[in-house]
Amino acid sequence: MVNKMIEVVNLTKKFDQKIVLNDISFTVEEGDIYGFLGRNGSGKSTTMKAILKLLNFDSGTINVLDNNDIRNSNAYLNQIGSLIEEPAFYPNLTGYENLKIVQQLSDIPTENIDRVLEIVGLTATANKLTKKYSLGMKQRLGIAIALVKFPKILILDEPTNGLDPEGVREIRELILSLPEKYGITVFISSHILSEIEKMVNKVAILDHGKIKFEGNMQKLEQESTLSIATDNMPATESLLTAKKYNFIKTEKNIIVNDASSEVAIAVNKLLVGSDIGVSDLHLVKHSLEDIFLKITKEA
Ligand SMILES: Nc1ncnc2c1ncn2[C@@H]1O[C@H](COP(=O)(O)OP(=O)(O)O)[C@@H](O)[C@H]1O
Ligand SMILES: [Mg+2]
């Protein structure tokens with residue numbers, strides 16, 4: 001059975017009279033690294049804050065862990081670690097000391113501090129004052145603080161924000177290891193798709209407070225086209241039309257929409273079986289970026 005870790009149902013939030021979250025629904029399941037995508041101001045942080053009870057919402061339901069309606073209890077918060085917007089630390093304390101404060105306040109085993117420092121790669125710099133940390137080190141310390149209780153759910157709000165490509169890669173590898181190694185489910189937001197594309201298995205795309213897409217990465221990968229060139233283009237067209245493929249013609253190729261590897265194999269067999277010489281047949285995958293732009297443009 002798949003366990004629902006976070007279930008958001010018809011969530012609506014207004015600030016003053018302005019609707020910021022407009023009836024959004026999505027489900028994060030156990031073991032997911034779930035990407036929450038959207039431009040700045042689309043409502044990502046607001047959603048995360050609602051899940052964490054950092055703000056009230058107007059209507060809808062949020063269930064966390066085994067269908068617990070968060071309005072009925074605060075206990076679920078012990079099972080969630082979070083990093084929302086900018087990480088905040090005591091600048092005149094070291095990374096270790098900052099973690100120590102969190103550990104003591106929440107009654108967490110002391111050895112967790114060294115464990116998380118190791119996981120986020122801050123062991124060597126744990127005794128440096130955090131005001132001297134680079135942005136990447138600060139982000140990693142923020143993740144360490146969110147992780148130190150080894151929660152069931154980790155909520156990370158734009159943890160790759162402002163990092164260089166190397167920093168993004170490090171955070172990605174760290175996050176990728178969490179579900180399998182520690183049984184942690186991750187809910188992570190970003191406004192830069194390429195930064196989370198390679199680590200998430202599911203995504204929701206938020207645009208002006210509405211979910212425009214929710215699904216797994218395979219579903220997104222179906223957003224591919226198949227480019228074909230043959231020695232008999234008119235016959236190719238007739239065959240594709242007869243088989244009801246949705247395609248367009250360009251100068252040199254036929255482009256089949258909604259393609260997948262299965263479609264590529266079927267079309268190849270169809271053409272070769274009809275004695276048509278195939279000179280080129282390849283799938284063109286559209287990046288999440290293209291899809292994101294398409295989805296948000298249709299609004
Ligand atoms: N405390 C607040 N009061 C009024 N408006 C807010 C407040 N917090 C956020 N907003 C507005 O809500 C919208 C969504 O913000 P936010 O959730 O921070 O977006 P994101 O995290 O996707 O960038 C924005 O238009 C923002 O200006
Ligand atoms: Mg935000």
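Where is asparagine 10 found? Asparagine 10 sits in strand β1, which covers residues 4-15.

## What you're looking at

This is a predicted model, in which local features need pLDDT of at least 70, side-chain atom pairs count only at pLDDT 80 or more, and totals for chains, interfaces and linings use all residues. Residues are numbered from 1 along each chain as its sequence is written, chains are lettered from A and ligands numbered from 1 in the order in which they are written, and side-chain values use heavy atoms, with hydrogens and water left out.

Helices (H or I, at least four residues) and strands (E, at least two) are DSSP runs, numbered from the N terminus.

## Strand β1

Back to asparagine 10: its phi is near 50°, a positive value in a residue other than glycine. For context, most residues other than glycine have a negative phi. Asparagine 10 is partly exposed, with a relative accessible area of 37%; buried means under 20%, exposed over 50%, and partly exposed is in between (1.4 Å probe, protein chains only).

Glutamate 7 belongs to β1 too, and at 14% relative accessibility it counts as buried. Its side chain makes a polar contact with the side chain of lysine 4, at 3.1 Å. A polar contact here is a pair of N or O atoms within 3.5 Å; within protein, one must be able to donate a hydrogen and the other to accept it, and residues adjacent in sequence count only if both atoms are side-chain atoms. Setting aside neighbours within four places in sequence, glutamate 7 is in contact (heavy atoms within 4.5 Å) with Phe26, Thr27, Thr61, Ile62, Asn63 and Asn67.

Threonine 12 also has its place in β1 and is buried, with a relative accessible area of 12%. A polar atom of the threonine 12 side chain lies 3.1 Å from the backbone nitrogen of aspartate 23. Not counting residues up to four places away in sequence, threonine 12 touches Leu21, Asn22, Asp23, Phe57, Asp58 and Ser59.

## Phenylalanine rings

How many aromatic pairs does a search of the whole structure find? The search turns up six. Rings of Phe, Tyr and Trp (its six-membered ring) pair if their centres lie within 6.5 Å; planes under 30 degrees apart count as stacked, over 60 as edge-to-face and the rest as tilted. One of the six is the stacked pair of phenylalanine 26 and phenylalanine 187, 5.4 Å centre to centre with 25° between the planes. This pair links distant parts of the chain: phenylalanine 26 is in strand β2 (residues 18-29) and phenylalanine 187 in strand β8 (residues 185-190), 161 residues apart. Phenylalanine 26 is buried at 2% relative accessibility, and phenylalanine 187 is buried at 0%.

Phenylalanine 187 also forms a tilted pair with phenylalanine 36, at 5.1 Å centre to centre and 40° between the planes. Here the link runs from strand β3 (residues 33-37), home of phenylalanine 36, to β8, with the two residues 151 apart. Phenylalanine 36 is buried as well, at 0% relative accessibility. Ring pairs join Phe26, Tyr34, Phe36 and Phe187 into a cluster.

## Helix α2

Which residues are buried in helix α2 (residues 95-105)? They are Gly95, Asn98, Leu99 and Gln103. These four cover an arc of only 135° around the axis, so they are on the same side of α2; the arc is that of the directions from the helix axis to the C-beta atoms. The buried residues pack against α3 (111-120) and α4 (135-147), while the face turned away from the buried side carries exposed Gln104 and Leu105.

Just after α2, aspartate 107 takes a positive phi of about 60°. Histidine 208 has a positive phi too, about 45°, and lies in the loop between β9 (202-207) and β10 (210-216). Histidine 208 is exposed, with a relative accessible area of 68%.

## Around ligand 1

Ligand 1 is surrounded by Phe15, Lys18, Val20, Arg39, Asn40, Gly41, Ser42, Gly43, Lys44, Ser45 and Thr46, each with a heavy atom within 4 Å of the ligand.

Oxygen atoms of ligand 1 feature in several polar contacts. One lies 3.2 Å from a polar backbone atom of serine 42, and an oxygen atom of the ligand is 2.9 Å from a polar backbone atom of glycine 43. With serine 45 it is a polar side-chain atom that lies 2.8 Å from a ligand oxygen.
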